[in-house]
Amino acid sequence: MKILFISPHLNSFKAVKGGAEQRTYLILKALSQFTEVDFAAFHSAEGFDSLPVNVVYEKTVADNLNHSKLRKWLPVLQFWNKGKIFPVNKNKAEIVENLVKKTKYDYIFTRYIIKAMECDFLRYAEKTIIDVDDLPSDYYSILSENSKSRSGRIRYFLMSKIALFHQKQIIKKVKKTTFPNFDAAKIFGGAYLPNIPFYEQTCPKIDFSQTKKRIFFVGGLWYEPNYLGINYFLKNIYQKLVEKMPDVEFFIAGKMDKNNDFTNEWESYKNVQIAGFVEDIQKEYEKSRVVVVPIYQGAGTNIKLVEAMQMQRACAASEFATRGFSAFFTDRKDYCVAHCDEEFVQILEQLLTDENFNQKIAENGWQTVQQHFSFESFAKKLREIF
C-alpha cells in the first residue's frame, strides 16, 4: 500500500508548536509503521528525517486569498456553490494533480476539510481520506459568537449553516473521514481516531506535603475558547474559591497572542501567575494538585483533559470541555465534571484538600488513558481504518 500525505500549512515536524502539529506528526508516525508514505508539504518540512517518509514536495505555496468585502460575503451570496466557502487553490491543486499522475497511490490523506478542498481532493474522492478534526461549521460558529460587529455575527452565523450543508456532502463523497470526537464520528458516519497525548512521560503520584494548593491550566492563549474560558473561570469560579481558600494559587501556561494580552487583568486576581510558553511542562504538572479545563465553546475535543490524566494529575473540567470523552471516562472516577459554577468551586475545593480522593481520580484517569489513548492503541486504530 502506498499513501500520499498532503500537509497544506503546518510543519508537523515542529510538533512542539501545538496540538495541530502534534496530531499530524502522530498520524504520520503511525502510518509509516505499516505502509509507504510519500509526504508533500506546502511549507518548509525541516526536520522530516525524524520519520521514515519520502518527501516528494517541499515548497511554500501562497494561499492567494482575496480579502475584499465582496469576497467575504460571496459564501453567503452564492451559498449553493461550495467553491465559495471552500475555495480551491489552483497552485496547490495543480501540484497534487501532478503528484497523483506521476505515482499510483492507494490513498491520498490530508487533515481538515477546508485544506482538502483547497487541493481539490474531490477529484480523487474514491481514494481520499480526511482527518476532519475541527469542523468548518463549528469554526464559523465560534467566529460568529465572538465577532465584535453585528454584520460579522450575521455573516459568520450564515456561513456556519452553509458550511454544515456542504461539509456533509463532502464527507459522504470521500472514501473515509476520521474524527477525534467520538460523538462527531457517529453523527457524520466517520471513523473515530482519538486525540492522544504527544508526550508519553508522566509525573510521580501527587504528594500534598510537597505541593501547594495549586491549580494549573495549559493551552494556547491565542485561541479564543482558551482565553475566554480563563476569563470566565477567573470571574465566576476562581474568585469564589479564593474567598473559601485564600492560599489557593492559579498557574497559567501557554503562548499568548500580542493582540490578546490579558496579563494585567488576570494578574489582578489573587495568587495568579501567567508564565507564557513553558519549555518543561512536566515540571509544572508536578507542582500542581489539580488541572482545570474551563472551556465553554470551540470545536473538536480538548486534548488538555487526556494530557492531564497522562501526567497523573486530577482534572476538573466544564461539561462542554468533556464532549467526545463520555464513552471512555467516568465522572468522579477518571475526572470531575462541573455542570455549573457552584459545582466547579466544590469540586476544586475537594480535589485541593482531600488527598485520597485526588489520588484516586488521578490514578483512575491515568489507567484509562493507557488503555484507550496510548500511541499503540492509536496506531492500531489507524491501521484498522485502512
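Is aspartate 133 buried or exposed, in terms of its relative accessibility? The legends below take up this residue and several others in a predicted model, in which local features need pLDDT of at least 70, side-chain atom pairs count only at pLDDT 80 or more, and totals for chains, interfaces and linings use all residues. Residues are numbered from 1 along each chain as its sequence is written, and side-chain values use heavy atoms, with hydrogens and water left out.

**Figure 1. Overall view of the chain, with 15 helices and 13 strands.** Helices (H or I, at least four residues) and strands (E, at least two) are DSSP runs, numbered from the N terminus. The C-alpha trace spans about 65 × 50 × 35 Å along its principal axes. The radius of gyration of the chain is 22 Å, in agreement with the value near 21 Å expected for a compact globule of 386 residues; this radius is taken over C-alpha atoms, and the globule rule is 2.2 Å times the number of residues to the power 0.38. Of the 386 residues, 56% are buried, where buried means under 20% relative accessible area, exposed over 50%, and partly exposed in between (1.4 Å probe, protein chains only). Among contacts with a separation of 6 or more, 70% join residues 24 or more positions apart; contact means heavy atoms within 4.5 Å.

**Figure 2. The open sheet of seven strands.** The strands follow the order E3-E2-E1-E4-E5-E6-E7, with parallel pairing. The edges are formed by E3 and strand E7 (191-192), each of which pairs on one side only. Two strands pair if DSSP finds at least two bridges between them. Strand E4 (residues 107-111) and E5 are joined in the parallel sense by four bridges, and arginine 111 has aspartate 131 in E5 as its bridge partner.

**Figure 3. Tyrosine 57 in strand E3 (residues 54-58).** Tyrosine 57 counts as partly exposed, at 22% relative accessibility. Neighbours within four places in sequence aside, tyrosine 57 is in contact with Phe39, Ala40, Ala41, Phe42, Ile95 and Leu99. Serine 7 is 50 residues from tyrosine 57 in sequence, and their C-alpha atoms are 9.9 Å apart in space.

**Figure 4. Two aspartates with positive phi, Asp120 and Asp133.** Most residues other than glycine have a negative phi. Aspartate 120, in the loop between helix H5 (113-118) and strand E5 (128-131), has a positive phi of about 60°. This residue, aspartate 120, is partly exposed, with a relative accessible area of 22%. Aspartate 133 is placed in the loop between E5 and helix H6 (136-146), and its phi is near 55°. With 12% relative accessibility, aspartate 133 counts as buried.

**Figure 5. Surroundings of proline 180, in the loop between strand E6 (176-179) and helix H8 (182-188).** Proline 180 is buried, and its relative accessible area is 1%. Residues up to four places away in sequence not counted, proline 180 touches Arg23, Asp133, Tyr192, Leu193, Pro194, Asn195 and Thr301. One of these, asparagine 195, is 15 residues from proline 180 in sequence, with a C-alpha to C-alpha distance of 5.4 Å.

**Figure 6. Strands E9 (residues 249-253) and E10 as a parallel pair.** Four bridges link the two strands, and phenylalanine 250 has valine 272 in E10 as its bridge partner. In a regular strand the side chains alternate between the two faces of the sheet. Along strand E10 (residues 272-276), Val272, Ile274 and Gly276 point to one face and are buried, whereas Gln273 and Ala275 point to the other and are not.

**Figure 7. Helix H12 (residues 303-310) and threonine 322.** Helix H12 is mostly covered, with eight of its eight residues buried; among them are Ile303, Lys304, Leu305 and Glu307. Glutamine 312, just after H12, takes a positive phi of about 55°. Threonine 322 occupies the loop between strand E12 (314-318) and strand E13 (336-338) and is buried, with a relative accessible area of 9%. Apart from neighbours within four places in sequence, threonine 322 is in contact with Leu305, Ala317, Tyr335 and Val337. Of these residues, Leu305 is one of the buried residues in H12.
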